[in-house]
Amino acid sequence: MDYLIPRFLCAFLSGAILSQTGSLIQMGTRNILASPSTLGFDGLSILWILILHSVLLLTGYEHPVTVLFLFGVPVFAIVGIFFSKFIGQSKNIERLILLGLTFNLLVGAVFSLWQFLFLAFNLPFPVELWFGHFRFANPEALGILVVLEFLILFGWWRLSKEFLLFSLGKNLASNWKLEERTVYKFLFLTVAIGTFTVISLFGAFSFMALVFPIFARKLWFKKFDLAGEFLIGGLANGLLLMAIDSACYYFPIFGAEIPVGLIATAVGALSLIFLLWTSKGPMEIVAKTKK
């Protein structure tokens, strides 16, 4: 029980953070296909962890997961700030999504080659990085997620009025003289650091941040505003990921536990195919708000 409580709470908070980062990035780009996975944040996080893992290994430095996390946070804070400036000037989000997906394919090839070389020389390799799981969750990781979720909620509360105006569309937002740079900076700082944190601690859960906001928006919270999608949707999707992780733990297959990230990748990829196949109009979205 002492092991399961931190594990399931880590799964819950990871699901909430992934759902919230997905909602933020879809609001920031106004595109339903935007997510940390489709815009390359997942691939960049994995690539950075691979590089840092290799450097620390070659230097003989013992590095727990939290060391990888601490080294990466400043880097991804810079990535988030850079991306917030870039996305505000970009006019073609669909092209960025294609570039992000292509970059993820490149990282997948690099990951496979890296894994082959490390195993050939009998060096430890983080094979679980590509398909995330919560088997090694611990109170330290749980503490990091609690602090991160608190900062996300605090930032959302401080900028709630700005988000309301921003979600109504660029034209209305400009009429109210909204300072978009502040909104973009919070959006993509949260996306970059949130995505990297979850991947550095537990591995990748590809497309979860794409699918979770759609679940919140399409199935449960049609009558709620953007805050409902962000807050209540994050809560519900956190419980959903915790339930999936519980099923993986209690129902192993031939004694082996299926990684949650493997299920997430399969479901997310199928959802992306479904969205692309059934879409008849533009992918641009404007969040609903209460009247």
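Let us start with Ser35, which touches Ile25, Ala209 and Leu210, leaving aside residues up to four places away in sequence. The model we are looking at is a predicted one. Ser35 sits in the loop that joins α1, residues 4-29, to α2, residues 41-58. Is Ser35 buried or exposed? Its relative accessibility is 0%, and therefore Ser35 counts as buried.

The helix before that loop is α1. Of the 26 residues of α1, 24 are buried, so this helix is largely enclosed by the rest of the structure. Its length agrees with expectation: at 1.5 Å a residue α1 should span 38 Å, and its end C-alpha atoms are 37 Å apart. After α1 comes Arg30, which has a positive phi, near 60 degrees.

I turn now to the chain as a whole. The protein chain has 11 helices and zero strands. Of its 291 residues, 50% are buried. Consider next the contacts with a separation of 6 or more: residues 24 or more positions apart account for 80% of them.

A second loop residue deserves our attention, namely Gly203. This glycine lies in the loop between α8, residues 180-202, and α9, residues 208-220. Gly203 counts as buried because its relative accessibility is 2%, the limit for that term being under 20%. Which residues does Gly203 touch, not counting those up to four places away in sequence? They are Glu128, Leu129, Gly132 and Val198. In addition, the C-alpha atoms of Gly203 and Ile46 are separated by 8.1 Å, although the two residues are 157 residues apart along the chain.

Let us proceed to a pair of helices. The axes of α5, residues 139-158, and α6, residues 160-167, come within 4 Å and cross at roughly 70 degrees. The two helices are therefore roughly perpendicular to each other. On the α5 side, the contact is made by Gly155, Trp156, Trp157 and Arg158. On the α6 side, Ser160, Glu162 and Phe163 take part. Sorted by character, the residues of this contact are three nonpolar, two polar and two charged.

Our next subject is the backbone angle phi. Most residues other than glycine have a negative phi. Asn122 is not a glycine, yet its phi is positive, about 55 degrees. Asn122 is found in the loop between α4, residues 93-120, and α5. With a relative accessible area of 71%, Asn122 is exposed. Phe254 likewise is not a glycine and has a positive phi of about 55 degrees. Its place is in the loop between α10, residues 226-250, and α11. Is Phe254 buried or exposed? At 86% relative accessibility, Phe254 counts as exposed.

The loop of Phe254 leads us to α11, with which I shall finish. Helix α11 runs over residues 260-278 and has 19 residues. From its first C-alpha to its last it reaches 27 Å, close to the 27 Å expected at 1.5 Å a residue. The buried residues of α11 include Val260, Gly261, Ala264 and Thr265. Gly268, Leu272 and Leu275 are also among those buried in α11. Why do we say that the buried residues line one face of α11? Seen down the axis of the helix, they fall within an arc of 125 degrees, so they line one face. On the other side of α11, Leu270, Ile273, Phe274 and Trp277 are exposed.

Methods
Residues are numbered from 1 along each chain as its sequence is written. This is a predicted model: local features need pLDDT of at least 70, side-chain atom pairs count only at pLDDT 80 or more; totals for chains, interfaces and linings use all residues. Side-chain values use heavy atoms; hydrogens and water are left out. The expected span of a helix is 1.5 Å times one less than its number of residues. Buried means under 20% relative accessible area, exposed over 50%, partly exposed in between (1.4 Å probe, protein chains only). The arc is that of the directions from the helix axis to the C-beta atoms. Contact means heavy atoms within 4.5 Å. Axes are lines fitted to C-alpha atoms, for helices over the stretch in contact, and angles run from 0 to 180 degrees between N-to-C directions. Angles under 35 degrees count as roughly parallel, over 145 as roughly antiparallel, 65 to 115 as roughly perpendicular and the rest as oblique. Ala, Val, Leu, Ile, Met, Phe, Trp, Tyr, Cys and Pro count as nonpolar, Asp, Glu, Lys and Arg as charged, and the others, Gly among them, as polar.
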